[in-house]
Every structure is written in structure tokens, then in C-alpha cells.
Amino acid sequence: MRITRRDGLKYLGATGLVTLAGSPLLAQTEETAEPMEHMIEMLNQDPENPRLRQVYNPRILHIQPGDTVTWVSVDRGHNSEVDEDMMPEDGTMWEGAINEDISVVMEVEGAYGYFCTPHRTAGMVALLLVGNELANYEDLKDVRQRGQAARIWDAIFEEADPMVEEIRANAAS
Ligand SMILES: [Cu+2]
């Protein structure tokens, strides 16, 4: 089994953390290595663009493997479900129930497209980028969306392209 960053932290916690607590060096190391938690709101209306209805906020999010994402049911009637055709092979899967706040630990790197089951064709689709390689990112662009989602999907990638370019550039340097 591959030891992930998260497992490494658990291991550290089980063995040496107590005796090392208080060491400023450890505190610093821990801060940079600790997995982060992120929130994505499920909303009836975009806070910055009121003409956009049924949205995830933010609709593009870049995180690192081992981080946790929580989809928060701020407005009722939404969920978050990954599209099996829009994720890396053997990637992390999730499917939330309507009105459910779900937390998912994103262990597997790659680009993930997800949607709200009742509002997918109304355009409630979004993009989650995990890690810096994003090997399947280009494949996701070509996935055909229906209804309003087609226009939203294009807009998402227009916004995501420069982000991904920067992520890859930073990872390479
Ligand atoms: Cu919805």
C-alpha cells in the first residue's frame, strides 16, 4: 500500500507527536504538511453573479491530495455527485444525497467533474482539481454536457485553463 501524506500524519500522531509537542520546528513542519479542509457551498444563486442560478461556490477549486472537501447544503434541494466519466481512473468517488453535507477526503490526484443530480442540465456542474499533475484535465474538457451545462462547462474551462497552466508551471519549477 502506498503511504499517503495523510497516513504519514496519522503515523506521526500515533508515535512521536506527544513527546515532540512544543518544538517550534515540528509546529512549522506540521503546518505545511497538514492536509487542509475546504468548503464548497451549494446555492440557489451565485453571490457575485445573481443571474447565475443553482451553483457551487466556488465552482472551480484546486486542492492537494489528502485534503478534505465538504459540500455544504446552504440552500436546500442540492447535492454533489462525481461523474464517473469525468474523473481519473481509480479516482475518489462520492455521491451525496439531496440536502446532505458531505465530506470527502480526496486521495487520488486528477481533475474531477461533478454535478447536482436534479440541476445538472440547469448548469449545476463544477470542477475540482486535485494535485498538480492533472493528467486527465484535457479529457474532461471534451466531455459533452447537456442543456445549460454545456455553456457553463465551457465557461468553467475558460476560467480554469490559466489556473492549470500556472499550477503546472509552478510544479515544474
Ligand atoms: Cu442543485
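Q: Which residues is Val 125 in contact with, leaving aside its neighbours within four places in sequence, and what makes a pair a contact?
A: Val 125 is in contact with Gly 113, Phe 115, Arg 120, Gln 145, Ala 149, Ile 152 and Trp 153, a contact being two C-beta atoms, placed from the backbone, within 7 Å. The model is predicted, so local features need pLDDT of at least 70 and side-chain atom pairs count only at pLDDT 80 or more, whereas totals for chains, interfaces and linings use all residues. Residues are numbered from 1 along each chain as its sequence is written.

Q: Why is Phe 157 called partly exposed?
A: Phe 157 has 17 C-beta neighbours inside 10 Å, and because a residue is buried at 20 or more such neighbours, exposed at 12 or fewer and partly exposed in between, Phe 157 counts as partly exposed. Phe 157 lies in helix α5 (residues 148–172), a helix being a DSSP run of H or I with at least four residues and a strand a run of E with at least two, each numbered from the N terminus. Its C-alpha is 9.2 Å from that of Leu 140, with the two positions 17 residues apart in sequence.

Q: Which residues of α5 are buried, and what covers them?
A: The buried residues of α5 are Ala 149, Ile 152, Trp 153, Ile 156 and Ala 160, and their cover includes β3 (60–63) and β8.

Q: What span does α5 reach, set against the expected one, and where does α5 bend?
A: The 25 residues of α5 reach 36 Å from first C-alpha to last, close to the 36 Å expected, the expectation being 1.5 Å times one less than the number of residues. Even so, α5 bends by about 35° at Ala 160, with Pro 162 following within four residues; the bend is the angle between axes fitted to the seven residues ending there and the seven starting there.

Q: Which members of the largest nonpolar core touch the most others, and which element gives the most?
A: This core, a set of buried Ala, Val, Leu, Ile, Met, Phe, Trp, Tyr and Cys residues joined through C-beta atoms within 7 Å, has 28 residues, of which Tyr 112, Val 125, Leu 127 and Leu 128 touch the most other members. Two or more residues come from each of β2, β4, β7 (110–115), β8 (125–130) and α5, and β8 gives the most, with 6.

Q: Why do β1 and β4 count as paired?
A: Pairing requires at least two DSSP bridges, and 5 bridges join β1 (residues 37–45) to β4 (residues 68–72), which run parallel. Glu 41 stands opposite Val 72 in β4.
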